[in-house]
Each structure stands twice: as C-alpha cells, then as structure tokens.
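Trainee: I've got this one open on my screen. Please take me through it, bit by bit.

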Amino acid sequence: MACKKSTVPFSGTKEQEAALKAAIAELKDTPGALMPIMQKAQEIYGYLPIEVQTMISDEMGVPLEKVYGVSTFYAQFALQPKGKYKISVCLGTACYVKGSGNIFSKLEEILGITNGECTPDGKFSLDSCRCVGACGLAPVMMINDEVYGRLVPDDIPGILAKYN
C-alpha cells in the first residue's frame with residue numbers, strides 16, 4: 001500500500017520532538033513498547049506522519065516498515081492530520097439508504113479533499129464512519145461533537161459557512 005502524500009506539510013516543534021524522545025527513552029526497553037510509544041506519539045502530534053514514524057524507528061532501532069505496518073493496521077492511528085473541524089459522515093446502512101453518500105460527495109466537492117484527508121489550511125478534515133447512533137436522524141454527519149441530521153446536499157454549504 002503506497003503512502004498517501006499529506007496535503008498539509010509536517011510542522012512538528014522541537015518541544016514535540018523532545019516529548020517523543022523522552023517517551024521513547026522511558027518505554028523502549030519494555031517488551032511490547034512499540035504500540036504504547038506510537039500512541040504517545042499520536043497524542044503529542046495528533047497523527048503519525050512519516051517524519052514521526054521515522055523518529056520512532058531511529059530511536060527504537062525498529063525497521064521503519066514495522067512502524068508503518070503497525071500504523072496502517074490499527075484504525076486508532078491516523079497518518080493524515082485532522083483539521084480544526086473534524087467532519088465525520090455516517091455511511092452506515094440507515095444513513096446510506098437515506099442519501100449520506102451524496103452528502104459525502106458534496107463535502108468532497110466543496111472541500112477538495114476525500115476520505116481521511118485534511119484541507120491544506122488545516123481547517124477541515126473529512127472521514128466516513130459506520131454509525132453515530134442517530135439513525136432516526138439519517139442521514140447524519142458530525143462536525144467535532146455537533147450532530148447534523150436529516151441532511152440534503154444543499155444543506156452543506158450553509159453548515160460549513162458556520163465554521164469559517
């Protein structure tokens with residue numbers, strides 16, 4: 001699987017790097033430390049870009065392929081940054097039947113990004129999900145913790161405008 005190029009350049013700080021190196025130094029001799037270190041790295045950076053995976057690989061003496069393999073296998077790890085406003089569109093059965101695919105397509109068109117990506121300005125990220133537990137409001141999307149239901153594609157520009 002090819003690594004998708006992020007639309008947002010990596011902008012880690014020296015403080016973040018120091019925090020990651022401290023976490024690695026503390027945990028690296030513990031058996032099974034790779035996952036906890038990767039979780040800590042994601043807490044520090046918000047996601048695991050190749051630059052962070054490379055730091056983990058170098059500091060732990062673990063092949064980069066192994067770090068990348070773990071980061072792509074487990075859904076808890078994000079390889080792309082998340083936006084200030086995290087948009088999640090439910091593509092579960094109830095929502096999909098009611099048109100959430102069209103909602104998702106409208107968001108892709110307006111934002112110029114697709115599933116798992118972030119706008120170049122870091123404002124919005126777009127993800128699909130399976131169910132948010134609001135099937136009675138189908139189709140549903142969330143922006144951060146705000147739920148929007150009974151949507152039609154024409155609702156999307158007005159909703160996004162609230163976040164500009």
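**Contacts, core and sheet**

Trainee: Leaving aside neighbours within four places in sequence, which residues is I143 in contact with?
Mentor: Contact means heavy atoms within 4.5 Å. This is a predicted model: local features need pLDDT of at least 70, side-chain atom pairs count only at pLDDT 80 or more, and totals for chains, interfaces and linings use all residues. Numbering starts from 1 along each chain as its sequence is written, and side-chain values use heavy atoms, without hydrogens and water. With neighbours within four places set aside, I143 touches Y85, K86, I87, Y148, I159, L160 and Y163.

Trainee: Which residues in the largest nonpolar core touch the most other members?
Mentor: A nonpolar core is a set of buried (under 20% relative accessible area, 1.4 Å probe, protein chains only) Ala, Val, Leu, Ile, Met, Phe, Trp, Tyr and Cys residues joined through side-chain atoms within 4.5 Å. This one has 19 residues, and those touching the most other members are I87, V89, L107, M141, I143 and L160.

Trainee: Which element gives the most to this core?
Mentor: Helices (H or I, at least four residues) and strands (E, at least two) are DSSP runs, numbered from the N terminus. At least two core residues come from each of β1, α6, β3, β4 and α7. With 4 residues, the top giver is α6.

Trainee: What is the strand order in the open sheet?
Mentor: Strands pair if DSSP finds at least two bridges between them. β1 and β3 run parallel, joined by 6 bridges. The 5 strands, with mixed pairing, go β2-β3-β1-β4-β5.

Trainee: Is Q42 buried or exposed?
Mentor: Q42 sits in helix α2. Its relative accessibility is 18%, so Q42 counts as buried.

Methods: Buried means under 20% relative accessible area, exposed over 50%, partly exposed in between (1.4 Å probe, protein chains only).
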